[in-house]
Amino acid sequence: MVSQLEVSTLSRSSNSLAHGLVQVFTAPRRTFLTDVMAQALRVAGQGQSVLVAQFLKGGIRQGSDHPISLVQRLDWLRCDLSRNLDETQPTPEEIAAIRDLWQQVVDRVQSAQYELIVLDELSLAIRLGAIDCKEVLDLLDRCPQHLDVILTGPDVPQSLLDAADQITEVRRSRRS
């Protein structure tokens with residue numbers, strides 16, 4: 001089994017939503033974080049500030065009050081959840097934890113302290129009803145000039161795909 005990477009670079013119109021580069025990584029399965037994290041670590045290693053926010057990962061009671069800092073320039077936030085969420089309906093407390101992480105992301109975008117922000121499994125948080133797609137589009141519209149954003153997850157809403165500069169679809173294929 002071979003993994004293929006298909007990259008589409010789109011030309012956004014002059015009334016595009018975001019100022020920095022917006023990338024989308026999508027796949028039928030949740031299997032592409034390694035590629036995105038490698039990019040985030042590379043950017044941080046080059047001296048730029050990076051934020052990684054994982055919307056459906058929990059189990060370690062990290063939460064937005066206890067971020068992990070890697071290579072001095074990479075902040076890693078997870079929801080304050082007792083478990084990793086899948087595509088089953090989250091509890092009201094889990095929705096609140098996702099909303100809290102989303103607010104942390106919004107605040108950090110507005111602080112203009114990062115050059116790259118990764119929003120991991122954002123499409124699933126949208127599908128589960130924890131985050132409204134319009135809120136994401138509004139945030140992209142307000143991003144500082146220098147900020148690049150990576151959105152990940154399966155089944156990314158078309159409006160977010162339309163806002164992207166680059167879409168990377170990771171898929172598996174069999175070769176003989």
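Let me start with strand pairing. In this predicted model, strands β3 and β5 run parallel to each other, joined over 5 bridges. If you want one pair to look for, find V50, whose bridge partner in β5 is L74.

β3 also pairs with β6, again in the parallel sense and over 5 bridges. Here the pair to look for is Q54, which stands opposite D120 in β6.

Now, how many of the residues of β3 are buried? The count is 5 of 5, so β3 is largely enclosed by the rest of the structure. Buried here means under 20% relative accessible area. The side chains alternate: V50, V52 and Q54 point one way, L51 and A53 point the other way, and all are buried.

Next, the helix. α1 covers residues 33-45, which is 13 residues. From first C-alpha to last it reaches 18 Å, close to the 18 Å expected.

Which residues of α1 are buried? They are V36, M37, Q39, A40, V43 and A44. Looking down the helix axis, these buried residues fall within an arc of 155°, so they line one face of α1. On the other side of the helix, T34 and G45 are exposed.

What covers the buried residues of α1? The cover includes β3, at 50-54, which we have just discussed, and also β2, β5, β6 and β7. So that you can find them: β2 is 22-26, β5 is 74-78, β6 is 116-120 and β7 is 148-152.

One last item, past the end of the helix. α1 is followed by G47, and the phi of G47 is positive, near 95°.

Conventions:
Residues are numbered from 1 along each chain as its sequence is written. This is a predicted model: local features need pLDDT of at least 70, side-chain atom pairs count only at pLDDT 80 or more; totals for chains, interfaces and linings use all residues. Side-chain values use heavy atoms; hydrogens and water are left out. Helices (H or I, at least four residues) and strands (E, at least two) are DSSP runs, numbered from the N terminus. The expected span of a helix is 1.5 Å times one less than its number of residues. Buried means under 20% relative accessible area, exposed over 50%, partly exposed in between (1.4 Å probe, protein chains only). The arc is that of the directions from the helix axis to the C-beta atoms. Contact means heavy atoms within 4.5 Å. Two strands pair if DSSP finds at least two bridges between them.
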